Amino acid sequence: MPLFQLYFTPALLLLVLTCPQVSQSVPLMVKGMVTDSLVFSAQILLHNITVALTKDELFSGINCSQEMVKLNNETDTTSVCAPKGSTCSGINKTEFDQDLCLENIGKDLHHYFTFLAAQSDPDKLIDPTLSGLRELMQNFFPKHLPSDLVSEEDASENSSSFDKKLNLCKVLKGFHLRSITINRVLSYMNSGEQTK
């Protein structure tokens, strides 16, 4: 990470999240184009997820770094968002469908938002991640923002506290990986390479 980002990222994040004039002064999406503003919002989200994963008090009693990853397998983000000309999945991809890719990203964000919003977080340890995710969805993927949420108690009545923390660890690790993919894809779209 460049040195200027280490010092300015918290200040920029605070500025973007608290000043409506700043967060709304740059167009978010212009006729399906991915803007710098969207890329920046996705980078902030990735940073927030990374920070959440380093909070030992969030996973007390669990070495989260040693746990498996739990990915959202309900979307095709990794395959539909593969760059044009890539052979990552063994298939030579000749076209890039930006709309389909953005639709899958929106579905991923919805999945993780719903999961995180249902977590019990009395110490507000995942709140920055959830807030950043909510803002990203409101600004760029509003149709994927859920209007009604199931509380953690309704969703997992019989789970122990340890099981909930373990599941949160695994899902956050999966969200971290997916967020890296999303950041790479949005940077790719922002560069215009997919149109060449």
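**Overall fold**

Colour the chain by secondary structure: 8 helices and 2 strands appear. This is a predicted model. From the N terminus, the order of elements is α-α-β-β-α-α-α-α-α-α. Now colour by burial. Of the 196 residues in the chain, 41% are buried.

**Stop 1: helix 6**

Select residues 127-140, which form helix 6. The helix has 14 residues, and at 1.5 Å a residue it should span 20 Å. Place a distance label between the C-alpha atoms at its ends: they are 20 Å apart, in agreement with the expected span.

Which residues of helix 6 are buried? Show side chains for Thr 129, Leu 130, Gly 132, Leu 133, Glu 135, Leu 136, Met 137 and Phe 140. Note that Glu 135 is on that buried list. Keep Leu 133 selected for the next stop.

**Stop 2: the nonpolar core**

Leu 133 is among the residues that touch the most other members of the largest nonpolar core. The others to select are Ile 105, Leu 109, Leu 116, Leu 172, Leu 186 and Met 189. The core holds 41 residues. Helix 3, helix 5, helix 6 and helix 8 each supply at least two of its residues. Which helix gives the most to this core? Helix 8 does, with 11 residues. As background, nonpolar side chains tend to be buried together in soluble globular proteins.

**Stop 3: the disulfides**

Display the cysteine sulfurs. How many disulfides does the whole structure hold? A search finds 2.

Begin with Cys 64 and Cys 169. Their sulfurs are joined at an S to S distance of 2.1 Å. The link is right-handed, with 105° about the S-S bond. It connects distant parts of the chain: Cys 64 sits in the loop between helix 3 (36-53) and helix 4 (77-80), while Cys 169 belongs to helix 8 (residues 161-191). The two cysteines are 105 residues apart. Check the burial of each end. Cys 64 has 7% relative accessibility, so it counts as buried. Cys 169 is at 0% and therefore counts as buried too.

Move on to Cys 81 and Cys 101, joined with an S to S distance of 2.0 Å. The torsion about their S-S bond is about 115°, so this disulfide is right-handed. Cys 81 is in the loop between helix 4 and helix 5 (98-117), and Cys 101 is in helix 5 itself. They lie 20 residues apart. Cys 81 and Cys 101 are both buried.

Now label the bonded cysteines in sequence order. The pairing reads 1-4, 2-3.

**Stop 4: the salt bridges**

The count of salt bridges comes to 2. Both can be picked up from helix 5.

Select Asp 108 and Arg 178. Their closest N and O atoms are 2.9 Å apart, in a salt bridge. Asp 108 is in helix 5 and Arg 178 is in helix 8, 70 residues apart. Are the two ends buried or exposed? Asp 108 is buried, at 0% relative accessibility. Arg 178 is buried as well, with a relative accessible area of 5%.

Next, select Glu 103 and Lys 143. Their side chains meet in a salt bridge, 3.0 Å from N to O. Glu 103 lies in helix 5 and Lys 143 in the loop between helix 6 and helix 7 (152-155), so the pair ties together parts that are 40 residues apart in sequence. Glu 103 is partly exposed, with a relative accessible area of 23%. Lys 143 is exposed, at 64%.

**Stop 5: a loop contact to inspect**

Go to Gln 119, in the loop between helix 5 and helix 6. Gln 119 has a relative accessible area of 14%; the cut-off for buried is under 20%, so Gln 119 counts as buried. Add Lys 165 to the selection. The C-alpha atoms of Gln 119 and Lys 165 are separated by 9.5 Å, though the residues are 46 apart along the chain.

**Stop 6: a nonpolar patch on the surface**

Switch to a surface view. Which residues make the nonpolar patch of about 220 Å²? Select Val 69, Leu 71 and Leu 177. Leu 177 is in helix 8. Leu 177 is partly exposed, with a relative accessible area of 41%.

Terms used:
Residues are numbered from 1 along each chain as its sequence is written. This is a predicted model: local features need pLDDT of at least 70, side-chain atom pairs count only at pLDDT 80 or more; totals for chains, interfaces and linings use all residues. Side-chain values use heavy atoms; hydrogens and water are left out. Helices (H or I, at least four residues) and strands (E, at least two) are DSSP runs, numbered from the N terminus. The expected span of a helix is 1.5 Å times one less than its number of residues. Buried means under 20% relative accessible area, exposed over 50%, partly exposed in between (1.4 Å probe, protein chains only). A disulfide is a pair of cysteine sulfur atoms within 2.5 Å. Patches are made of residues with over 30% relative accessible area and no salt bridge: like charges are joined within 9 Å, nonpolar side chains (Val, Leu, Ile, Met, Phe, Trp, Tyr) within 5 Å. Accessible areas come from the Shrake-Rupley method with a 1.4 Å probe; for residues, only the protein chains shown count as cover. A salt bridge is a side-chain nitrogen of Lys or Arg within 4 Å of a carboxyl oxygen of Asp or Glu. A nonpolar core is a set of buried Ala, Val, Leu, Ile, Met, Phe, Trp, Tyr and Cys residues joined through side-chain atoms within 4.5 Å.
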